[in-house]
Each structure stands twice: as C-alpha cells, then as structure tokens.
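Trainee: Please take a close look at the salt bridges for me. Start with where I should be careful about the model.

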Amino acid sequence: AVVSTQSTGNTESLERAQSSAASAQEETKRQAIMYERSIQKLHQEIELVKVDEEQRQRNIVKALEQEVETQRGLTRHQEKRCRMLQLEMEEKLTRTKLIYEEKMRGVMPMSVREELEETIAALKAQSSILEQKANILQSELDSRGNRTAHKTPTRTPNKTPNRNQNRGAVKAKG
C-alpha cells in the first residue's frame with residue numbers, strides 16, 4: 001500500500017509538473033505572440049514615420065525648388081531691367097553728347113577749332129618723341145648702372161638734351 005501511495009503521489013506530481021509545463025508553454029506562446037504583435041506594430045509605426053518623413057522631405061525639396069525658380073525669374077527680370085536702363089543711359093549720353101557737340105560748333109569758329117586740333121596733334125607727336133628719348137636715356141642710364149656695378153666708377157660727360165631746342169619746336173608749331 002505504501003508503494004501504491006507513492007506511485008499515486010508520483011503520478012500526481014508528474015501530472016502537476018506536466019500541467020505546469022503545459023501552462024508555462026502556453027504562457028510562453030502567448031507572450032511570444034504578444035511580442036510578435038508588438039514588433040509588427042513597431043515596424044508599422046516606423047514605416048509610417050519613414051513615409052511621413054520622406055513626404056516631408058519631398059515637400060521641402062519642392063518648396064526649395066520653387067523658391068530657386070522664383071529667384072531665377074526675379075534675377076532674369078532684374079538683369080533685363082538693368083540692360084534696359086543701361087541702354088537708356090547710353091542713349092541719353094549719346095543725345096547729350098550730340099547736343100554738346102552741336103553747341104560747341106556754334107561757339108567756336110571752325111578755324112580756331114582746326115588750329116587747336118593741329119596744335120594738339122603736334123603736341124602729342126612731340127610728347128611721343130620726348131617719351132622715346134626719355135626711354136633711350138633711361139636704358140643708357142640703366143646699362144651704365146649695370147656696368148658700374150661690375151667696374152670701378154668712371155666719369156662720363158653729361159648728355160642731357162637742350163631744353164631750349166624743344167621749346168623752340170613747340171613755339172614754331174603753335
């Protein structure tokens with residue numbers, strides 16, 4: 001009778017253990033299903049946030065593109081306006097110049113004007129000649145400076161042009 005009581009006790013313990021194990025398995029399955037649903041819900045929420053963010057970014061890009069196009073249009077308009085103003089100013093300048101030249105023709109006799117123009121041309125020619133002479137003299141000075149830097153200094157006579165000769169040429173033309 002002791003063995004049968006032990007056997008019954010073991011069977012009951014075994015049945016309780018199996019029942020407890022089955023309950024634990026069901027609880028584990030139930031929790032796994034809940035976790036799986038939670039994970040799916042999180043994935044769906046993440047996907048919704050991702051879609052919303054992508055849409056927001058597209059809207060921002062679209063707005064920026066529109067702003068760029070608006071600014072380009074304004075720039076083109078301002079460039080066109082600037083060109084028109086420039087043309088207007090050039091036209092006004094040309095008209096003013098023509099009016100001035102017309103007035104100047106009436107103020108100065110043509111013979112005086114021609115004489116002044118001839119004097120100006122002669123002075124320009126003389127200025128050019130003097131500039132060439134100055135360049136030649138400068139190059140001579142530079143070459144002497146280079147030679148004296150390598151040799152001991154020697155005295156050379158000063159060859160400066162006679163200023164009175166140049167003035168005489170100016171007076172003769174004028």
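**Charge pairs along the helices**

Mentor: Over residues 163-174, pLDDT (the predictor's confidence in each residue, from 0 to 100) stays under 50, and the model has eight contacts (heavy atoms within 4.5 Å) beyond four places in sequence for that stretch. Bear in mind that this is a predicted model, where local features need pLDDT of at least 70 and side-chain atom pairs count only at 80 or more, while totals for chains, interfaces and linings use all residues. Residues are numbered from 1 along each chain as its sequence is written, and side-chain values use heavy atoms, with hydrogens and water left out.

Now the backdrop. The chain has three helices and zero strands (DSSP runs numbered from the N terminus: H or I of at least four residues for helices, E of at least two for strands). Confidence is highest in helix α1 (residues 2-107), at a mean of 91, and lowest in helix α3 (residues 163-173), at 47. For the chain, the mean pLDDT is 84, with 81% of residues at 70 or more. Just 1% of the 174 residues count as buried (under 20% relative accessible area; exposed is over 50%, partly exposed in between, with a 1.4 Å probe and protein chains only).

On to the pairs themselves. The whole structure holds six salt bridges (a Lys or Arg side-chain nitrogen within 4 Å of an Asp or Glu carboxyl oxygen). Side chains of opposite charge can pair when their charged atoms come close.

Go to helix α1 and find glutamate 53 and arginine 56, whose side chains join at 2.8 Å, N to O. They sit three residues apart, so about one helical turn separates them. Glutamate 53 is partly exposed at 33%, and arginine 56 is partly exposed too, at 43%.

Further along helix α1, glutamate 91 pairs with arginine 95, with the closest N and O atoms 3.8 Å apart. Here the spacing is four residues, again about one helical turn. Arginine 95 comes out as partly exposed at 44%, and so does glutamate 91 at 47%. There's also a linked network of salt bridges, made by Glu69, Arg72 and Arg76.

Helix α2 has its own example: arginine 113 and glutamate 117, four residues or about one turn apart, form a salt bridge with closest N and O atoms 3.4 Å apart. Arginine 113 is partly exposed at 32%, as is glutamate 117 at 44%. Leucine 116 lies in helix α2 as well (residues 110-150), and is partly exposed at 43%.
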